[in-house]
Amino acid sequence: QQTTDRAKLFSFHVDNNVWFELENVKGDSFPIVHSGHGSVLMEEGQSMIVYGPGYTSLMVPEVANSHIWKFNILSSTWEQLPHKDGPPSPRAHHMVVAVDEERFWVIGGVTMKDQIPSWANADVWEYNLS
């Protein structure tokens with residue numbers, strides 16, 4: 001069973017060594033609760049990209065888990081980004097790495113079948129925000 005609960009977003013305060021929930025997130029568009037995803041800061045630290053909710057909070061593989069979400073840190077809003085050239089295969093436990101301020105890579109990860117890791121992905125996909 002999948003969940004449609006809004007994913008909570010937390011920030012780490014380095015000086016105080018404390019996590020706190022960001023409660024001022026705005027809008028009706030947001031990723032669902034999930035795990036096994038990858039994230040990276042982009043656009044000079046003004047946005048965070050989250051790629052691929054691998055599992056819902058119930059650890060059930062998503063049907064379409066190649067979603068790309070962008071969190072605008074300045075406006076506290078989420079936006080789901082389109083796949084321009086088709087998404088990579090659904091995966092979890094992958095890496096997301098910034099190449100520059102406009103491009104990021106999705107590297108590796110595992111593909112699940114019946115809640116069991118089926119195979120490791122040895123591929124690299126590039127996404128361009130512009």
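Buried means under 20% relative accessible area, exposed means over 50%, and partly exposed lies in between (1.4 Å probe, protein chains only). The model is predicted: local features need pLDDT of at least 70, side-chain atom pairs count only at pLDDT 80 or more, and totals for chains, interfaces and linings use all residues. Residues are numbered from 1 along each chain as its sequence is written, and side-chain values use heavy atoms, with hydrogens and water left out.

**Exercise 1. Place Phe10 in its strand, its pairing and its surface patch.**

Step 1. Find the element. Phe10 sits in strand S1, residues 10–13. Strands (E, at least two residues) are DSSP runs, numbered from the N terminus.

Step 2. Check the exposure. The relative accessible area of Phe10 is 44%, so Phe10 is partly exposed.

Step 3. Find the pairing. S1 and strand S2 (residues 18–21) run antiparallel and are joined by 4 bridges. Two strands pair if DSSP finds at least two bridges between them. Glu21 in S2 is the bridge partner of Phe10.

Step 4. Look at the turn. The hairpin of S1 and S2 has 4 residues between the strands, and Asn17 there takes a positive phi near 60°.

Step 5. Add the patch. Phe10, Phe12, Val14 and Trp19 make a nonpolar surface patch of about 460 Å². Patch residues have over 30% relative accessible area and no salt bridge; like charges are joined within 9 Å, nonpolar side chains (Val, Leu, Ile, Met, Phe, Trp, Tyr) within 5 Å. The areas come from the Shrake-Rupley method with a 1.4 Å probe, and for residues only the protein chains shown count as cover.

**Exercise 2. Work out the strand order of the sheet that holds S4, and name its edges.**

Step 1. Write the order. The open sheet has 4 strands, S4-S5-S7-S8, with antiparallel pairing.

Step 2. Name the edges. Strand S4 (38–42) and strand S8 (77–81) each pair on one side only, which makes them the edge strands.

Step 3. Give the twist. From one strand to the next it averages 25°. Axes are lines fitted to C-alpha atoms, for helices over the stretch in contact, and angles run from 0 to 180 degrees between N-to-C directions.

Step 4. Follow one pair. S4 and strand S5 (residues 47–51) run antiparallel, joined by 5 bridges. Ser39 has Val50 in S5 as its bridge partner.

**Exercise 3. Describe Glu43 by backbone, exposure and salt bridge.**

Step 1. Locate the residue. Glu43 is in the loop between S4 and S5.

Step 2. Read the backbone. Phi of Glu43 is positive, near 50°, in a residue other than glycine.

Step 3. Find the partner. Glu43 and Lys70 meet through their side chains in a salt bridge (3.1 Å, N to O). The pair links distant parts of the chain, since Lys70 is in strand S7 (residues 68–72), 27 residues apart from Glu43. A salt bridge is a side-chain nitrogen of Lys or Arg within 4 Å of a carboxyl oxygen of Asp or Glu.

Step 4. Compare exposure. Glu43 is partly exposed, at 21% relative accessibility. Lys70 is buried, with a relative accessible area of 16%.

**Exercise 4. Which parts does the salt bridge of Asp123 and Arg91 tie together?**

Step 1. State the contact. The side chains of Asp123 and Arg91 form a salt bridge (2.7 Å, N to O).

Step 2. Place both ends. Asp123 lies in the loop between strand S12 (116–120) and S13, and Arg91 lies in the loop between S8 and S9, so the pair ties together parts that are 32 residues apart in sequence.

Step 3. Check exposure. Asp123 is partly exposed, at 25% relative accessible area. Arg91 is buried, at 1%.

Step 4. Note another residue of the S8–S9 loop. His93 is found there. His93 has a positive phi of about 60° although it is not a glycine.

**Exercise 5. Trace the sheet of S9, S10 and S13, then its charged network.**

Step 1. Write the order. The 3 strands form an open antiparallel sheet, S9-S10-S13. Its edge strands are S9 (95–98) and S13 (124–128).

Step 2. Follow one pair. Strand S10 (residues 103–107) and S13 pair in the antiparallel sense over 5 bridges. Trp105 stands opposite Glu126 in S13.

Step 3. Build the network. Arg103 and Asp100 meet in a side-chain salt bridge (2.9 Å, N to O). Salt bridges that share partners join Asp100, Arg103 and Glu126 into one network.

Step 4. Check exposure. Arg103 is partly exposed, with a relative accessible area of 25%. Asp100 is partly exposed, at 32% relative accessibility.
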